[in-house]
Amino acid sequence: MSEIQSDAATRSLLVPHRYCGPPASGNGGYTSGALARLLGGQLGTPYTITLRQPPPLETEMAVIEDGEELIATHNDKPVIQGHLGEPLGPPPSFVPFKDAEEAQDRYPGHHFHPFATCFTCGTDRPDGLRIFAGPVDSDPSGARRVAATWIPNETVSTDGVTATLETTWAALDCPGAWATDMEERLVVLGRISARIDSLPPLGVPLVIVGRDGPTEGRKTYASTAIYTPTGELLGQAEQVWIAINPQDFGV
């Protein structure tokens, strides 16, 4: 049973505190994965999720249907909405496991982390995913690239075999931000389009790669991917990150 509370009659969504991004709001990737599940959560199918405001924690949000979209609301205002997505472009290229493992020592979050309790990348979260994406050589396209390792365990599973859809989306989240200049320009997730081809099996070492893209005003584009150690693609995402005023998030 998913920890995201969903009922066919009430169509509600609740993000437990464990899955925070900033201390007072839901992890963008995890919450997006929760809405993707309500949209069908089919493997191999892309979903596009847009965050309109920080998702509240431990708060039941009503989920309404608007045409082909689902919208989770709080206080009658849209929080997060999603629909079936378009095909995604090429993912960030594979990084060998050994290189990704070494890159973790260069993770900027070890020295500066605006959200150290983030479920995905927080350094103060022993119960989190602890995906610490550090810089590696540039992508063949010349884009900046970061990489990390991840070994899913039973704490992110409900069937004892694979990670949940929600935690897989969470794993695809923060490495995109760290591929941008997070040390100089604080960003939060605004939109994510992701396709999960296969849920990550428990106990298998994986490689997470992030790649930066262009910046347009407050928006910065990035992409991420999950690979097996042999280079099999398990899932990928394309993201829009929004620059924020640090004081608005207590940083």
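**Figure 1. The whole protein, with its share of buried residues.** Of the 251 residues in this protein, 54% count as buried. Keep in mind that you are looking at a predicted model. The chain folds into 4 helices and 11 strands. Its radius of gyration is 17 Å, close to the 18 Å that the globule rule gives for 251 residues, so the protein is as compact as a globular protein of that length. If you'd like a box to put it in, the C-alpha atoms fill one of roughly 50 × 40 × 35 Å, taken along the principal axes.

**Figure 2. An open sheet of 11 strands.** Strands in a sheet pair up through backbone hydrogen bonds, and they can do so in a parallel or an antiparallel way. Here the pairing is antiparallel, and the order to trace is β1-β3-β4-β5-β2-β8-β11-β10-β9-β7-β6. Which strands stand at the edges? They are β1 and β6: each has a single partner strand, so one side of each is left without a neighbour in the sheet. For a look at one pairing, find β9 (residues 206-216) and β10, which run antiparallel and are joined by 8 bridges. On this seam, V209 has A225 in β10 as its bridge partner.

**Figure 3. Strand β2 and its two neighbours.** Is β2 enclosed or open? Its residues are buried, 5 of 5, so the strand is largely enclosed by the rest of the structure. Follow the side chains and you'll see Y47, I49 and L51 pointing one way, while T48 and T50 point the other way. On one seam, β2 pairs with β5 (residues 77-84) in the antiparallel sense over 5 bridges, and T50 stands opposite Q81 there. The pairing with β8 is antiparallel too, with 4 bridges. Look for I49 on that seam, as it stands opposite I192 in β8.

**Figure 4. Three aromatic rings in one cluster.** A pair of aromatic rings is described by how far apart the centres are and by the angle between the planes. The model has 6 aromatic pairs in total. In one of them, the ring centres of Y19 and Y30 are 3.9 Å apart and the planes meet at 5°, so this pair is stacked. Y19 sits in the loop between β1 (12-13) and α1 (28-38), and Y30 is in helix α1, so the pair ties together parts that are 11 residues apart in sequence. Y19 also pairs with F119, this time edge-to-face, at 4.9 Å centre to centre and with 80° between the planes. F119 lies in the loop between α2 (97-103) and β6 (134-136), while Y19 is in the loop between β1 and α1, so this pair ties together parts that are 100 residues apart in sequence. Put the rings together and you have one aromatic cluster made of Y19, Y30 and F119. Y19 and Y30 are both buried, and F119 is buried as well.

**Figure 5. The largest pocket.** Rolling a probe the size of a water molecule over the atoms shows where empty space is left. The largest pocket has a volume of about 580 Å³. Its lining takes in 35 residues, and those nearest the centre are L51, V188, L189, G190 and W241. Which elements each supply at least two residues of this lining? They are β2 (47-51), α4 (174-179), β8 (187-196), β10 (219-227) and β11 (233-243). The largest share, 5 residues, comes from β8. Sorted by class, the pocket lining has 21 nonpolar, 9 polar and 5 charged residues.

**Figure 6. One cavity inside the structure.** How many cavities of 30 Å³ or more does the structure hold? There is just 1, and about 40 Å³ of space lies in the largest cavity. Its lining is made up of G41, Q42, T45, Y47, L165, W169, A194, R195 and I196. The elements giving two or more residues to this lining are α3 and β8, and β8 gives the most, with 3 residues. By class, the cavity lining divides into 5 nonpolar, 3 polar and 1 charged.

**Figure 7. T155 in its loop.** You'll find T155 in the loop between β7 (145-150) and α3 (165-171). This residue is partly exposed, with a relative accessible area of 40%. Now look for G128: T155 and G128 are 27 residues apart in sequence, and their C-alpha atoms are 9.1 Å apart in space.

Note on methods:
Residues numbered from 1 in each chain as written. Predicted model: local features only at pLDDT ≥ 70, side-chain atom pairs only at ≥ 80, totals over all residues. Heavy atoms only, no water. Phe/Tyr/Trp six-rings, centres within 6.5 Å; stacked < 30°, edge-to-face > 60°. Buried < 20%, exposed > 50% of the residue type's maximum accessible area, 1.4 Å probe, protein only. 1 Å grid on protein atoms, 1.4 Å probe; cavity = no way out; pocket = protein on both sides within 12 Å on 5 of 7 lines; lining within 4 Å. Points joined across faces, edges and corners; volume = space filled by probe spheres on them. Nonpolar A, V, L, I, M, F, W, Y, C, P; charged D, E, K, R; others polar. Pairing = 2+ DSSP bridges. Rg over C-alpha atoms; globule rule 2.2 N^0.38 Å.
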